[in-house]
Amino acid sequence: MPEASTATFEKDNFNAEKYVKNLVQDCVGGPELQQTKQKIQALSETVSSTLKKHVYENYMQFIETAKEISHLESEMYQLSHILIEQRNLLTTLRDESLLDDQKNIIEEQSLDPNVNEEQQNRKAIQLIKESLVGYKGNLDDKVFIHEGGLLELDSNDYRPICRIHLFLFNEVLVLAKVRNEKKLEFQTEYETKKIAVINIKDLDGVNKNAINVITSDGARMFQCVNSAAKQEWIDKFDLACKFHQLKKPKKAPAPQPPTTLKFDAPQKSTDSELLALSPTASEMGRVIVDNLPPDWLVTAPEEIQAEIAQRHFEDCLALLQRCEAHLAQDSSCHGAGDIGEKLTTLKGSLASVLMHELSNSQSRSLQAALRSSRRPLKLLVEMGKSREACGILLRVCTSAIRTSQRQARRNNLAVSELFFCDVALVASEFLRAFSAKASCTSALIVWCNMELQYFAAQLIKHYLTKDTQLEMVAKVVEGVREPCLKLREIGLDLSYHMEGSLRSTLSQLLDEARYRLVDSIGRTEDPWQPYNLQTKTGLRTVLKEFDLLGIDFRAYVTGDTWINLTQATVNFCRHLLQTTESCAYLAKYDSLQRDAELLIRELFLSQHSVKPPNSLNADMNFVAKNKTYMAEVLLPVAMGRFERISGKKPDLLVELHAQLRVTVPPKPKPRSVYQTDVL
């Protein structure tokens, strides 16, 4: 008797069947076989225990490896941080060298100091016009203040974008791009009364000597060559603002105190001192004091600029709303018009920055994009920018959904369920953000319809192509229908639009499948003999298979391995029920029910009309038995299966069943009868 050991089972040429045969031959009687079985069972338990032990050891090693990877990741992060600092340092050195190379236009050309300021201003404007390429504006009536080369930075990661040369006048700010040949190409210009300058705090290794210029197009960040140049630019921008304020006409002459009163120096007056003056002076003083705006309102524009630069949007909006509420209550205070204009400009700049933040909230996953968009979305809704905000949000969602769909198709995932889950997520987030803005709901409906049409086009392109098997078509359609119906839970019903988008394609696929399936009937020769399954196991397998389909062949079983129907009839039963199931899923769409029933009807009639050839001496009783089985057993089962899946009564099949029941069965072939005379 061969000994049972793990070494025997570990051989490369081990054959289990051969081993068992040798075991049976060498063992004498049942007891030896039982002992060998117990030994093998003991070996199995040992191997199982050893395997569990190895799995546990591998798991512990995996945990240790994960820890090492975590430490390595931390070290890599530190190394990456060091490299980023080095890169920023080198970038700063390079940028400073680039800025040092830029020369001012006016400094390169010597101006005659003996002429007056007006002539010098005209000469400077003439030099600027000659140096600018592509500028068609009017600078003749402007006052030149300052110029210089700066480096424009990206407001997100502070990386340099390009070299910019700025020309500051009392009314406009002209921006020119520095080309490689050191030529100045006009880029754009802004009115100085509609811009604001924010001093950005220096950050080590990120940005230094930078200012943020808030314009009508949004915030633009520029880097100066050093701190002195930065401070000079800030002072020059303040000077430009003063030019604008001096130019503005006063609304009404301010009340003047009596000429007999003299104020040698500005000093604070107490209430008692005001009362000691003449009644007229006291009254005028009170008017002046009462008309002065509060200190927090005067400094509010600067604080708002700082809040925008530091991305403190909530505090910025709260301060803006507080200022607007105060000006609405007291619009007659001194300088209210100037403060209101500044606040309007800053509010527009805040809206531009928030829309930029919202449009940049796109990421690989839709959930992350929606999370990052909540903050700017909430603030834009509070500012009354709901229409613009919902448009940007839906564009971001479109990009995220289509990216996830492409990845799902590449990874062979369920694209339909993913799409409708994403649509539900967008709709829920949209309704939460714009719950108080009913006018925005129409934008969501239009967006859902557009995305549904695009999704249906991609579904047809990749999964519902010509010659697609009917079973696969039904699987795709059912995979679309179920998640689409779940959208009704949030009040969004897209089923009708989905059906309309797929109706034409599915109808064509049903027609092609009908021609293909009907044409395949009768292609193989049928001996018109009972079906022999060869073995009892084969017979049991067939019976179990058809039990699941709703057909019981046990009444037709004869002998040990025979079914008293032809093999073609048995195979057609399987084929028809599978086709009926696929058609029933498609018939859930009302527009496809007739096409689906027509396919089943023609397929059934094609098989039912098959006859044995004249050259084959077939038993007509057996032929009639097959046709009767198809009409009285198979067709009702198919009808019930269709109605159970689709939820609709198959009228064409009911009509066919009624017609077949009144059909007279063919007469059996007459047989010869032998008679004998009995004496």
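This report describes the aromatic contacts and the internal cavities of the structure shown above, which is a predicted model.

**Aromatic pairs**

A search of the whole structure finds 10 aromatic pairs. One of them joins Phe430 and Phe434, whose ring centres lie 4.7 Å apart with the planes at 40 degrees, so this pair is classed as tilted. Phe430 is buried, its relative accessible area being 1%, and Phe434 also counts as buried, at 4% relative accessibility.

Another pair is made by Tyr556 and Tyr629, with ring centres 4.9 Å apart and planes at 80 degrees; because planes over 60 degrees apart count as edge-to-face, the Tyr556 and Tyr629 pair falls in that class. This pair links distant parts of the chain, 73 residues apart, since Tyr556 belongs to the loop between helix H19 (536-549) and strand E10 (557-558), while Tyr629 belongs to helix H22 (residues 620-646). Tyr629 is buried, with a relative accessibility of 2%. Both tyrosines are also members of one aromatic cluster, which they form together with Phe546 and Phe553.

**Charges over rings**

Two arginines are placed over tyrosine rings, as the table sets out.

| Arginine | Ring | Distance to ring centre |
|---|---|---|
| Arg481 | Tyr589 | 4.5 Å |
| Arg514 | Tyr515 | 5.0 Å |

In the case of Arg481, the side chain lies over the face of Tyr589, and for Arg514 it is the charged end that sits over the ring of Tyr515.

**Cavities**

The whole structure holds 3 cavities of 30 Å³ or more. The largest cavity has a volume of about 60 Å³, and its lining consists of Ile401, Arg402, Gln405, Arg409, Phe419, Glu451, Tyr454, Phe455 and Gln458. Helix H14 (386-410) and helix H16 (441-462) are the elements that give two or more residues to this lining. By character, the lining of the largest cavity divides into 4 nonpolar, 2 polar and 3 charged residues.

The second largest cavity has a volume of about 40 Å³. Its lining residues include Asp526, Trp528, Thr566, Gln607, Asn626, Lys627 and Met630, and they divide into 4 nonpolar, 4 polar and 2 charged. Helix H20 (567-586) and H22 each supply at least two residues of this lining, with the largest share, 3 residues, coming from H22. Helix H22 thus appears in two parts of this account, as it carries Tyr629 of the edge-to-face pair and also contributes to the lining of the second largest cavity.

Note on methods. Residues numbered from 1 in each chain as written. Predicted model: local features only at pLDDT ≥ 70, side-chain atom pairs only at ≥ 80, totals over all residues. Heavy atoms only, no water. Phe/Tyr/Trp six-rings, centres within 6.5 Å; stacked < 30°, edge-to-face > 60°. Buried < 20%, exposed > 50% of the residue type's maximum accessible area, 1.4 Å probe, protein only. Helix = DSSP H or I, 4+ residues; strand = E, 2+ residues; numbered from the N terminus. Lys NZ or Arg CZ within 6 Å of the ring centre and 35° of its normal. 1 Å grid on protein atoms, 1.4 Å probe; cavity = no way out; pocket = protein on both sides within 12 Å on 5 of 7 lines; lining within 4 Å. Points joined across faces, edges and corners; volume = space filled by probe spheres on them. Nonpolar A, V, L, I, M, F, W, Y, C, P; charged D, E, K, R; others polar.
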